[in-house]
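Please work through the exercises below with the sequence and the model side by side, and try each task before reading its solution.

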Amino acid sequence: MAASASGDKAADDSLYPIAVLIDELKNEDIQLRLNSIKKLSTIALALGEERTRNELIPFLTESIYDEDEVLLALAEQLGNFIPLVGGPEYAMYLIPPLESLATVEETVVREKAVESLRTVAGQHSAQDLEVHLVPTLQRLVSGDWFTSRTSACGLFSVCYPRVSAAVKSELRINFRTLCQDETPMVRRAAAGKLGEFAKVVELEYLKSDLIPTFVQMAQDEQDSVRLLAVEACVSIAQLLPQDEVELNVMPTLRQCVNDNSWRVRYMVSEKLTDLQKAVGQEITKNDLVSAFQFLLKDSEAEVRASASAKVTEFCANLDKACQEQIIMTSILPCVKELVADSNQHVKSALASVIMGLSPIVGRNNTIEHLLPLFLIQLKDEWPEVRLNIISTLDCINDVIGIQQLSQSLLPAIVELAEDSKWRVRLAIIEYMPLLAGQLGQEFFNQKLRDLCFNWLNDHVYAIREAATLNMKKIVQTFGTQWAETNIINQILVMYKNSNYLHRMTCLFCINALADVCGADIIERLFLPTIKVLSTDPVANVRFNVAKTLQKLSPFLDQAAIDEHVKPILEKLNTDTDVDVKYFASEAMVSSAGGYNGVGAGRAVD
């Protein structure tokens, strides 16, 4: 009797996890249902492999009627379930629930289900693949709803390489059927997977089956299908021998370059450098250069902007034997027009890459042809254009030196430094150390130093914060001797400012410069200023004094800590403000170990 009762109890315990899961999945609270799905692996471990296969998976298959968020989590979990059902030989048990999920209406759920099915397919043996996954694929292909047919498109490339010749033939027929489906969404899905499928199909069938399909899709009535055919164009061109690319790919590509839809032309522009590498130098010279010119002059700004962003990369990939001649006669005239384009995004895209042409065309061509264009862009009305030119100055510096641009740079830098948009001001700050290194100390001291001080007093905190880091990087560039002569006194004088935010900025600068200035400057110049600020009427300033001393202590020897740091911290530790006392005590604990040699006495030469 007792043995029977204990057996019943054990059975109840073993059923408990799935009972809890059933209850939670039926709960009205979506978050509870979602949490239970995310715990599926724990439940599967509790049940064991056999019961997971025989009870949990069937239950999940039957309960796929829920919110999209729950179904998405389920599709993701099932992709990781192979070890929990007993390994690859039992992977087929995961196909039914994933097949159901691959037919739901929500796109992200279907895509995740297909991703998991691809993972499961990779674990199948070739025999199991034909027995279990290929029939699933064929059911999806013949489904009444477009949802199942779109999902089917993603499974061809994982099944095809590992099945028999007869099944391969069926799969090619099925794929071509989907490419001609009456529903645009299915054709779009098939076009998106055409390049992927082409990579696993034998060359013979690529030419006989898929290329005619590719040509047909590039002429589809829906531009959303045609633009995806452009992506397939790259894959097919990579797979074909060079002599067959001209015959099988280029007629379709020429057609896409002149397509009525700007979205198709935009896709050609986006993929042009990939196509350039795939088709080879001869076809590039004969066809793609003229296609690129056409795209650079396109009537749609989006296409021109995309093509402009590819100028340097396209030119760099040209055959070295005729590179300069093609750039100067075919590409540069288009670039000159784009510099004065009516659309700011086109000019901005071009400005982000145009400097990269300098190393390609060389010093003389840069000075004669590119330099006038750079000067025009430095005076452009749009901050983004000027900023993009300044951000790539290192390219031209290596070719002709930045002095050629210095007088034109200054007005552009000043305008950006004072721009009403704080993000523009922030961006130019980040390039200031680069400019300082390239323009040299004299130019910086005369023209740019005051800008850096103005940023320390900016009304936006992010600008003040960036400006302190900027000062540190410039000191790293010019050295501590320059810093002591040119900037440290001007920074320290901020402790007298009536605005407590500026007094805090003084402390932040001390924090940043401590890493590069060394113990001598810290003890001789920074500590007297910190001592004055330790009696500041604003508590925020006083507790930042404590934090600053904590930062400086590792750079000082024990004698300096005992003489200068500890008295200040002891006084702050008796402060009336609780935050000041807290940070002071933290700093006292930190500095109790005294001098540890980290960076002490070290300075940037």
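**Exercise 1.** In this predicted model, find which residues gather in a patch of negative charge on the surface, and then place Asp 68 in its helix and decide how accessible Asp 68 is.

*Solution.* The residues that gather in the negatively charged surface patch are Glu 67, Asp 68, Glu 69 and Glu 105. Taking Asp 68 next, we find this residue in helix α5, which covers residues 68–78. Finally, because its relative accessibility is 36%, Asp 68 counts as partly exposed, a class that lies between the cut-offs of 20% and 50%.

**Exercise 2.** Determine whether Leu 78 is buried or exposed, and state how far its C-alpha atom is from that of Leu 98.

*Solution.* Leu 78, like Asp 68, is found in helix α5. Its relative accessible area is 0%, and therefore Leu 78 is buried. As for the distance, the C-alpha atoms of Leu 78 and Leu 98 are separated by 7.5 Å, although the two residues are 20 positions apart along the chain.

**Exercise 3.** Establish how many disulfides a search of the whole structure finds, and examine Cys 506 and Cys 517 individually.

*Solution.* The search of the whole structure finds zero disulfides. For Cys 506, the nearest cysteine sulfur belongs to Cys 509 and is 6.9 Å away, whereas a disulfide would need the two sulfur atoms within 2.5 Å. For Cys 517, the nearest cysteine sulfur is again that of Cys 509, here at 11 Å, and Cys 517 is likewise in no disulfide. Turning to accessibility, Cys 506 counts as buried because its relative accessibility is 0%, and Cys 517 counts as buried because its value is 3%.

How values were computed:
Residues are numbered from 1 along each chain as its sequence is written. This is a predicted model: local features need pLDDT of at least 70, side-chain atom pairs count only at pLDDT 80 or more; totals for chains, interfaces and linings use all residues. Side-chain values use heavy atoms; hydrogens and water are left out. Patches are made of residues with over 30% relative accessible area and no salt bridge: like charges are joined within 9 Å, nonpolar side chains (Val, Leu, Ile, Met, Phe, Trp, Tyr) within 5 Å. Accessible areas come from the Shrake-Rupley method with a 1.4 Å probe; for residues, only the protein chains shown count as cover. A salt bridge is a side-chain nitrogen of Lys or Arg within 4 Å of a carboxyl oxygen of Asp or Glu. Lys and Arg count as positive and Asp and Glu as negative; His and the chain ends are not counted. The place of a charge is taken as NZ of Lys, CZ of Arg, CG of Asp or CD of Glu. Helices (H or I, at least four residues) and strands (E, at least two) are DSSP runs, numbered from the N terminus. Buried means under 20% relative accessible area, exposed over 50%, partly exposed in between (1.4 Å probe, protein chains only).
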